[in-house]
Every structure is written in structure tokens, then in C-alpha cells.
Amino acid sequence: MIQENFNLRPYNTFGIEVFAKRFSAFSSIAELKELLTQRNDDPLLFLGGGSNVLFTKDFDGLVLRNELNGIEVIDENDTHVIIKSGAGEVWHDLVLFCVENNYGGIENLSLIPGSVGASPMQNIGAYGAEIKDVFVSLEAFHIESGEIHSFDKEACEFGYRESVFKRRLKDQYVITSVTYKLTKQHVINSSYGAIEAELEKMEVIDPTIKDISDAVIAIRSSKLPNPAEIGNAGSFFKNPVVDPLILESIQRNYDKVPNYPAPNGKVKLAAGWLIDQAGWKGKTFETYGVHKMQALVLVNYSDAKGAQIFDLSTQIIADIKDKFGVELEREVNIL
Ligand code: FAD
Ligand code: EPU
């Protein structure tokens, strides 16, 4: 059922109060098709968990929340299992399902908010893993033709926090299901420094996938604000991938700049470190600001406007460009 003048505050983890002209959830393709017959010429917005969006104004169109559910094992052998999940499932529920059944491969991605359907949108990643590592294919509803199209890994054009759905095919498809290949014989990935330190604290020597998941949950809970308490959308900016000459120029003033190798001879810098060094960490402007524990996370403490948070991000981009010669790019989808 379509509701009018619908408050989206509970549907975005920034907790921004904006209104959609019309809103409905859908839990089957038939329901989606039926809703699209009532679209008129309205702009469309598909929402999962609303954990990677910043609303800067009311949405003058039809917002459709994806509630296509169901997790199925569709194939398995002695070493692997193929799992297909509805796009509306909560990502962390899928992780817990896999960890409980001893299916390995997504434990490092524990506790990332949002839906399964959004996981390929920006190739979610954390603690040394990305979904492209376990991704097999996805099905997506083509809005213009009403057909379901299948995309394999290559067709998704995954990159760091990128996919074809954020670029060339933006706003053309609704992802309806995602299929992943997980392992029964695990390759434990504990190389990310913070995981090693957490496992030591937990006194775990030979970690299981459950231990990795528990360690990641503990690290994330200690560093990142819980959206149920403080509005946020995780990292507001991407970590910039730059020419090594830029790194060298920063190293002239700061010898301990965190940096990581990136493809094509480039280096990835830590945007949180740059923003922190520039003095923004913990800065608060009445109802919003830069998080005290993680400078990459912008926060809404109560009833900030999305436009205020957007303006803050613009100021940060200009300051980082000025101080370090690095152009930050927003990770969060601005609406
Ligand atoms: P939404 O915010 O609902 O949507 C995001 C975009 O995808 C929108 O443009 C929307 O239109 C589109 N979209 C959503 N679902 C579909 C669909 N089924 N078909 C087509 N388009 C769709 N991200 C990481 O990668 N790594 C992290 O470690 C991480 N940590 C986070 C921590 C916190 C506290 C928070 C709040 C966010 C974090 N994020 C992280 C960002 C966020 O969790 C992910 O981007 C997540 O995949 C977003 O899912 P969602 O369902 O909430 O997407
Ligand atoms: N740092 C600071 N000050 C800060 C924040 C970070 O100096 O305020 C330094 C840290 O000390 C560390 C480096 O920056 O040396 C990197 O920090 P961290 O390990 O916390 O990771 P991040 O680069 O800030 C990225 C992802 C996160 C992901 C974590 C863990 C991006 C944009 N962000 O954060 O993803 O969870 O690594 O893998 O790539 C998200 O995308 O929303 C997100 C939360």
C-alpha cells in the first residue's frame, strides 16, 4: 500500500527527518511490478536499510523499500556451499546464518549495517575482505523493461567501494537477489592488525570463523557509533587512492602517514587520519559534527538537517585539499 507524505526518519541511519511524497515496501516481484504501474512519472528511490544515504531534502517521488526475503542453500559439495539470498535480508543476519552453519567467507564483514541487496552496490568491505571475494552473481529487475537480468562478477565491475550500479547503470536496476560462494574448509583472514590485537585480547590462538566474527563485532562496536544511538552512515568519505608523489609530499611533514598499496602503483591513504590531523575529529556544531572516535564518520546527534551535514562535508573536502593536496570523495549517496 502506498503511503503519502511519509516520514523517512526511521528509514535512514543518519536519522534525518525528510518526507517522501509517496512510500511503499515490497516483498515480491509481483508487488514491485504492481507498484510500478502506479509510478506515474515520479522519480523512484529504492531503499534497503538506508545506511549509506544522506537526505538533504524531501524526496519528491516514490520511495520503495526492498523487503524481498529468503536465504537458501542452492548447491553444495564437500568444500563449498552456494547461498542465494533475497535482497531485502539484513546483511548481518546473513553473516550470522553463515557463521552458525560454519560457512566461511563473510565473517570479516560482520555487523555492516544494511541489506543484502545493497552489498554489491558499493562492494562492501571491511577488515581485509570485500564481497567481491565471495560473490557469484546477482539478479536485478530492469526498471524500464520489467525483465530480470543476471550479472556475474565481471559484469558488476567491482572496485573499491564501487560497482557498475553506482556508475554506468545507476538508477536502472533493482537488485532482487545475490548469490555467494562460501567455504566449508576455511581460509582464516586475520591479517588486519586490529583483528590480530583483538584475538590476542580474547586469548584465541587458532581462530574459527566465529572467533573472527566476534573479534570484528568487538572492534566495530568500540570504534563506530551505533546508528540506534547516534545518527551516521559509516565512513562519509572514501579512502583516497593517490599518486605516490602525494604520499611523499605529506611524508615530508608527517613521517607516520598510514598508507596501503593500491592497484596500478598507486597508494591508498586513510581519509580518517587526514581529517583527524587537520583538527576536525570531535568537532561539534550544535546537533551534528565529526565523530569523537573516528574522524571519517560524520554524525547527527539529534535533529540536524542533511544539508548541514553536507555543508560540513564540503568544508572538510576543501580543508583537506588545502592542507594535503588530496581530493576526498564522498562515499555516502547524497539525495
Ligand atoms: P541503502 O542506504 O538503503 O542504499 C544505498 C544505495 O544503494 C542507495 O543509492 C540505494 O538506492 C541503493 N540500493 C539499495 N538497495 C538496492 C537494491 N536492492 N537495488 C538497487 N539499488 C539499491 N560499508 C562498508 O562497505 N563497509 C563498512 O565497514 C561499513 N560500515 C558501516 C558502519 C556503519 C555504522 C554504518 C551506518 C554504515 C556502514 N557502511 C559500511 C555503509 C553501509 O552499511 C553499506 O553501504 C550498506 O551496504 C548499505 O546498505 P543499505 O541497505 O542500508 O543501503
Ligand atoms: N585514523 C586516525 N584517526 C581517525 C580515524 C582513523 O588516525 O579518526 C587512522 C587509524 O589509526 C588507521 C587508519 O586511519 O591508521 C585507518 O583507520 P581504520 O582502520 O579505522 O579504517 P578506515 O580507513 O577509517 C575503513 C573503511 C571502513 C571499514 C574499516 C575496517 C573506508 C572508507 N572505510 O575505515 O568502512 O569498516 O576500514 O576495514 O574504506 C564504511 O565504508 O562505511 C566503513 C565504515
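Here is a walk through some strands, a small sheet and two ligand sites in the structure above.

First, some ground rules: this is a predicted model, where local features need pLDDT of at least 70 and side-chain atom pairs count only at pLDDT 80 or more, while totals for chains, interfaces and linings use all residues. Residues are numbered from 1 along each chain as its sequence is written, chains are lettered from A and ligands numbered from 1 in the order in which they are written, and side-chain values use heavy atoms, with hydrogens and water left out.

Let's start with the strands at low residue numbers. Helices (H or I, at least four residues) and strands (E, at least two) are DSSP runs, numbered from the N terminus. Two strands count as a pair if DSSP finds at least two bridges between them. Strand 1 (residues 3-7) pairs with strand 2 (residues 19-26) in the antiparallel sense, over 4 bridges. To see this for yourself, find phenylalanine 6, which stands opposite alanine 20 in strand 2. Strand 2 is also joined to strand 5 (residues 59-66), this time by 6 bridges and with the strands running parallel. Here you can look for phenylalanine 26, whose bridge partner in strand 5 is asparagine 66.

Now jump along the chain to a little sheet. It's an open one, made of 3 strands in the order 14-16-15, with antiparallel pairing. Strand 14 (241-242) and strand 15 (259-261) are the edges, so to speak: each pairs on one side only. Strand 14 and strand 16 (residues 267-269) are held in register by 2 bridges, and valine 241 sits opposite lysine 268 of strand 16. Helix 6 (residues 244-251) packs on this sheet and touches strand 14, strand 15 and strand 16 (touching, or contact, means heavy atoms within 4.5 Å). The direction of helix 6 makes about 45° with that of strand 16 (axes are lines fitted to C-alpha atoms, for helices over the stretch in contact, and angles run from 0 to 180 degrees between N-to-C directions).

Next, ligand 1. It is surrounded by 33 residues (each with a heavy atom within 4 Å of it), and the closest are Phe46, Ser51, Ser115, Gly125 and Arg220. Several polar contacts (pairs of N or O atoms within 3.5 Å) involve its oxygen atoms. One oxygen atom lies 2.7 Å from an N or O atom in the side chain of serine 51, and one is 2.9 Å from such an atom in the side chain of glutamine 122. The protein covers 93% of the 980 Å² of accessible area that ligand 1 has on its own (Shrake-Rupley method, 1.4 Å probe). Strand 3 (44-47), strand 8 (125-126) and strand 12 (173-183) each give two or more residues to this shell.Finally, ligand 2 has 23 residues around it, and Tyr127, Tyr160, Asp276, Gln294 and Glu331 come nearest. An oxygen atom of ligand 2 is 3.0 Å from an N or O atom in the side chain of lysine 281, and a backbone N or O atom of alanine 295 lies 2.8 Å from an oxygen atom of this ligand. The protein covers 81% of the 830 Å² of accessible area that ligand 2 has on its own. Helix 7 (271-277) gives the largest share of the shell, 3 residues.

Notes: Polar contact = N/O pair within 3.5 Å; in protein donor to acceptor, adjacent residues only side chain to side chain.
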